Amino acid sequence: MAGITIKKRPKYLNFTTLVSNRLPVMGRVSFLHRISGAALFFCLPILLWLFGASLTSPESFATFKSVAALWPVKVILAGLIWAYAHHFCAGIRFLLLDLHIGVEKEAAAKSAIAVLVVSILLTLILWGILL
């Protein structure tokens, strides 16, 4: 029995505590990259269907335009714009990290903050154009 080592079982980590307290900015960007990718994946068929439906006739386009003018729909579209912008910017960051550019901790933290700032700025600019 002296040679037996007892392995500690994995500890349950509360998801909200993990994201809010312990995760550095690089991990948060990675997590948001996954969330934005999933949102785009699940919403893309709906957006393509709506786009196709809006092209069938002038009446369907007018209906689509009136629905898109509603405030809740604009907020959802802004969220999708943010998801695309964040996923795009974070994807470029991860490609650079794969090329071993900006791998050091300080550079990785700065690039993660840059991804957050640029994606929010792009969202505001594109949403302003859509309004």
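Is Thr123 buried or exposed in this structure? Thr123 is buried, because its relative accessible area is 10%, and the limit for a buried residue is under 20%. The model is a predicted one, and its protein chain has 5 helices and 0 strands. Read from the N terminus on, the elements follow the order α-α-α-α-α.

**The chain as a whole**

- Of the 131 residues in the protein chain, 16% are buried, and the surface that the chain exposes comes to about 10000 Å², with carbon and sulfur atoms supplying 75% of that area.
- When contacts with a separation of 6 or more are considered, 76% of them in the protein chain are between residues 24 or more positions apart.

**Thr123 and its surroundings**

- Thr123 belongs to helix 5, and if residues up to four places away in sequence are not counted, Thr123 touches Ala78, Ile81, Trp82 and Ala85.
- One of these partners, Ile81, is 42 residues apart from Thr123 in sequence, while the C-alpha atoms of the two residues are 5.9 Å apart in space.

**The largest nonpolar core**

- Seven residues form the largest nonpolar core, namely Met26, Val29, Cys89, Ala90, Ala108, Ala112 and Val115.
- At least two residues of this core come from each of helix 2 (25–54), helix 4 and helix 5 (105–130), and helix 5 gives the most, with 3 residues.
- Ala112, which is a member of this core, is in contact with Val25, Met26, Val29 and Arg93 once its neighbours within four places in sequence are left aside.

**Arg93, a buried charged residue**

- Arg93 lies in helix 4, which covers residues 71–98, and although Arg93 is buried, it has no salt bridge.
- The nearest side chain of opposite charge is that of Asp98, at a distance of 9.5 Å, and a salt bridge would need the charged atoms to be within 4 Å.
- Apart from neighbours within four places in sequence, the contacts of Arg93 are with Met26, Val29, Ala108, Ser111, Ala112 and Val115; among the residues of the largest nonpolar core are Met26, Val29, Ala108, Ala112 and Val115.

**The end of helix 4 and the following loop**

- Leu97 is found in helix 4 and counts as partly exposed because its relative accessibility is 22%, a value in between the limits of 20% and 50%.
- Leaving aside neighbours within four places in sequence, Leu97 is in contact with Gly102 and Val103, and its C-alpha atom is 8.3 Å from that of Ala108, a residue 11 positions apart from Leu97 in sequence.
- His100 sits in the loop between helix 4 and helix 5, and it is exposed because its relative accessible area is 66%, where the limit is over 50%.
- The phi angle of His100 is near 65°, which is a positive value in a residue other than glycine.

**A nonpolar patch on the surface**

- A nonpolar surface patch of about 890 Å² is built from Ile113, Val117, Val118, Ile120, Leu121, Leu122, Leu124, Ile125, Leu126 and Ile129.
- Ile113, one of the residues of this patch, is found in helix 5 and is partly exposed, with a relative accessible area of 45%.

Terms used: Residues are numbered from 1 along each chain as its sequence is written. This is a predicted model: local features need pLDDT of at least 70, side-chain atom pairs count only at pLDDT 80 or more; totals for chains, interfaces and linings use all residues. Side-chain values use heavy atoms; hydrogens and water are left out. Helices (H or I, at least four residues) and strands (E, at least two) are DSSP runs, numbered from the N terminus. Buried means under 20% relative accessible area, exposed over 50%, partly exposed in between (1.4 Å probe, protein chains only). Lys and Arg count as positive and Asp and Glu as negative; His and the chain ends are not counted. Contact means heavy atoms within 4.5 Å. A nonpolar core is a set of buried Ala, Val, Leu, Ile, Met, Phe, Trp, Tyr and Cys residues joined through side-chain atoms within 4.5 Å. Patches are made of residues with over 30% relative accessible area and no salt bridge: like charges are joined within 9 Å, nonpolar side chains (Val, Leu, Ile, Met, Phe, Trp, Tyr) within 5 Å. Accessible areas come from the Shrake-Rupley method with a 1.4 Å probe; for residues, only the protein chains shown count as cover.
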